[in-house]
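Biologist: I am new to this structure and would be grateful for a close look at a single part of it. Please choose one helix, describe its surroundings, and then place it within the rest of the chain.

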Amino acid sequence: MAAVQWRSRGRNYEAELQRCRPEAALVEFGDYHPLKSIMVTDTKTRRGARKGSTSSSSSSSSSAPPDPLSSMLDGTDPLSMFAAASATETPAMSHSASTGDLGRKKWEKEKEEEVVGPDFEPWSLKRGEILARFTTTEKLSINLFMGSDRGNAPSPGSTAVSEKVRTRLEELDDLEEGSQRELLNLSQQEYANRIEELNQSLKEAWASDQKVKALKIVIQCSKLLSDTSVIQFYPSKFVLITDILDTFGRLVYDRIWTMCSDPRPLPDSFTVDDVNDTAKETCLNWFFKIASIRELLPRLYVEAAILKCNRFLNKCGIQETLPRLTAMIRGIGDPLVAAYTRAYLCRVGVEVAPHLKDSLNRNFFDLLGTFRQISSESVKNQLVLQRVEVPEYLTLYSPAISWILQCIAYRAPEARTSANGDDGEMQEAGEQVSAFKDCNTEVVLVKVSHSALLLNSVMRAFRPEFVAARATDFIGMIKDCDEAGFPKHLLFGSLGRSVACADPPESERLTILNEAWKVVTKVRSPQDYVNCAEIWVEFTCRHFTKREVNTVLADIIKHMTPDRAFEDAYPQLQSVIRKILTYFHDFSVLFSMERFLPFLDMFQKDSVRVEVCRSIMEVFIRHQVEPTRDPVILNAMLHICKTMHDSV
């Protein structure tokens, strides 16, 4: 019997591999989501055991078990709705090289506009000034959050999924119901220390993976911003508590960014397409937790704190969220609380989207509308109860308004059609100043005193070049303001800061000085007087001769000598000396001023007098290069050196 020879059949492995693979189907992001019911279609191929066998395909569909969260949302899954909305976004593609270059340049320009540059004065520089300016000797109170264990015990007989859902829902209900401990009679420093303790507790809770506890701390701190029982301290309280909000926003953003950085780091200029589904789901979870906060103020502040996280979800997320939050602020009844809420929204908004001017402008004009409440009975009763005068109350708005105006003015269009050829920022500011002038009639129904507050904020917020070029116009508006609502010397102080940094037209300088000094010299309070006079000394030294400077020194001596008022104003008087020494290096001219040496006699505290003499001596050594035989200079310098010698 002949031996049977077995042959292996020829096979095309590449073709078989292609047949065995499941059919590839494009899955849109809106069609798939982890919390949406899933329909799976699988195509399988069976290989026959013998030659010539045919392959048959079978298709099977399986549906995932219903999502327990979906049953609580009336059939509408907000995550899927969000995903479906984001799926409709398709990037535009260019079809030519020239069009592509134009598109790339436009994209680069937009990216530059979306980043705050070094020319923007950061909040950190204003923070210390606010804390130093708005202080109080009144006793303060604070509610400290104490953790709650509610919702941690498992429910018997429940499945793993339902237990997890129930626990999360109980945590959401418990966000605002943790036990609290109220601390009373705290000094300002003790209050600041307690707030810092809460900031550290937030970081520790986050590091130990107690995210819900961290959120509870932030909510409780946000609630403190509704308390205006010590109204003079409110701006400083705002600074301290928003530090905690900033910490929380940074922690949430860094966590989600880290989830997107595995295995490769996420670039700073990432898009929504670079974010994985897990990070998006976590980000949405945070927004939904915040949306469950019942009280308006903490819900606003906490969502504003994580505004930047919208970058992980939607290309237009920030652009859509800012107008919504701006409109929500209209529900805050207290005008001071509403003003600082708008300031915080502008602060976080300008950091992530400085190009979105519409929302910033809307914040400002809404702020104008809230000024009608300043004359309401509730505000008047509150001021009477706390014994706060209206001018002092209005100054509490200054940091918030100044910051909002700074955000509006930042990177205004460089070129804008105008009759006088000004740039965009100046024209925009001019329109706002015009609105302030008409503040009593058509734009906003508020008193003229409130326009003084806004005018002061304009001069503090906009560039000195803009204010100095229109100094005469600003003086006219200052004259029209009501003295009872906002002191004019504060307005002239703000004007003086601008004209000291930027030069007004030469033909107007003497008029500006005369108009300003008419108001300054009439100020009765020595402290208010010297605060304003100190500012205008620099303008006088910069643009005028020793005659005008000597006149200013004589007026300062006249106001500060009675009742030895100079003893409470040594820092301001030292600042006057420093400014004079900055612009006058010829000591023959300096000592020829009749009032310079009498001005030095007001420094009667030994330590202060020695410090002033040392500063004069340092300038003399630096600039007096040639020998001198001038008896006036020799006599004055010997007196200064003797003062320094006697202190050793």
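Modeller: The account below begins with the whole chain, turns to helix α12 (residues 335-352), and then moves outward to other parts.

The model is a predicted one. Its protein chain contains 29 helices and four strands. Of the 648 residues in the chain, 45% are buried. Among contacts between residues at least 6 apart in sequence, 74% join residues at least 24 apart.

Helix α12 is a suitable part for a close look, since it can be followed through two of its residues. One of them is V350, which lies in this helix. V350 has a relative accessible area of 1% and therefore counts as buried, the limit being under 20%. Along the chain V350 stands 230 residues from F120, yet the C-alpha atoms of these two residues are separated by 9.9 Å.

The other residue is R347, a charged partner in a salt bridge. The bridge joins R347 to D246, and their closest N and O atoms are 1.9 Å apart. This pair links distant parts of the chain, for R347 belongs to helix α12 whereas D246 belongs to helix α8 (residues 234-259), and their positions lie 101 residues apart in the numbering. The two partners can also be described by their exposure. R347 has a relative accessibility of 3% and so counts as buried, while D246, at 23%, counts as partly exposed.

Helix α12 also has a part in the nonpolar interior. The largest nonpolar core has 172 residues, and α12 gives the most to this core, with twelve residues. The residues with the most contacts inside the core are Y393, L495, W536 and I556.

W536 leads from this core to another helix. Leaving aside its neighbours within four places in sequence, W536 is in contact with F492, G493, L495, G496 and V499, and also with I512, L513, A516, W517 and V520. Of these partners, I512, L513, A516, W517 and V520 are among the buried residues of helix α22. The buried residues of α22 also include R509 and E515. Helix α22 covers residues 509-520, twelve residues in total, and reaches 16 Å from its first C-alpha to its last, close to the 16 Å expected at 1.5 Å a residue. Its buried residues pack against four helices: α20 (471-479), α21 (488-501), α23 (526-543) and α24 (546-560).

A further site of interest is the loop between α7 (211-223) and α8, where T228 is found. T228 is buried, with a relative accessible area of 8%. The side chains of T228 and Q382 are joined by a polar contact of 2.6 Å. Not counting residues up to four places away in sequence, T228 touches Y234, D334, V337, Q382 and Q386. Of these, V337 falls within the residue range of α12, and Y234 falls within that of α8.

The salt bridge of R347 may now be set beside others. The count for the model comes to 18 salt bridges. One of them joins E567 and R564, with the closest N and O atoms 2.6 Å apart. E567 has a relative accessibility of 38% and counts as partly exposed; R564, at 40%, is also partly exposed. Another joins the side chains of D646 and K642, at 3.0 Å from N to O. Both residues lie in helix α29 (residues 631-646), four residues apart, which is about one turn of the helix. K642 counts as exposed, with 53% relative accessibility. Salt bridges that share partners also join R330, R342, R362 and D366 into one network. Within this network, R342 has a position inside the residue range of α12.

The cysteines complete the picture. The count of disulfides is zero. For C309, the nearest cysteine sulfur is that of C283, 5.0 Å away. A disulfide requires sulfur atoms within 2.5 Å, and therefore C309 is in no disulfide. C309 is buried, with a relative accessible area of 1%. C481 likewise counts as buried, at 7% relative accessibility.

To return to the chosen part, helix α12 holds the buried residue V350, is linked to α8 through the bridge between R347 and D246, and gives the most residues to the largest nonpolar core.

Technical notes: Residues are numbered from 1 along each chain as its sequence is written. This is a predicted model: local features need pLDDT of at least 70, side-chain atom pairs count only at pLDDT 80 or more; totals for chains, interfaces and linings use all residues. Side-chain values use heavy atoms; hydrogens and water are left out. Helices (H or I, at least four residues) and strands (E, at least two) are DSSP runs, numbered from the N terminus. Buried means under 20% relative accessible area, exposed over 50%, partly exposed in between (1.4 Å probe, protein chains only). The expected span of a helix is 1.5 Å times one less than its number of residues. Contact means heavy atoms within 4.5 Å. A salt bridge is a side-chain nitrogen of Lys or Arg within 4 Å of a carboxyl oxygen of Asp or Glu. A nonpolar core is a set of buried Ala, Val, Leu, Ile, Met, Phe, Trp, Tyr and Cys residues joined through side-chain atoms within 4.5 Å. A polar contact is a pair of N or O atoms within 3.5 Å; within protein, one must be able to donate a hydrogen and the other to accept it, and residues adjacent in sequence count only if both atoms are side-chain atoms.
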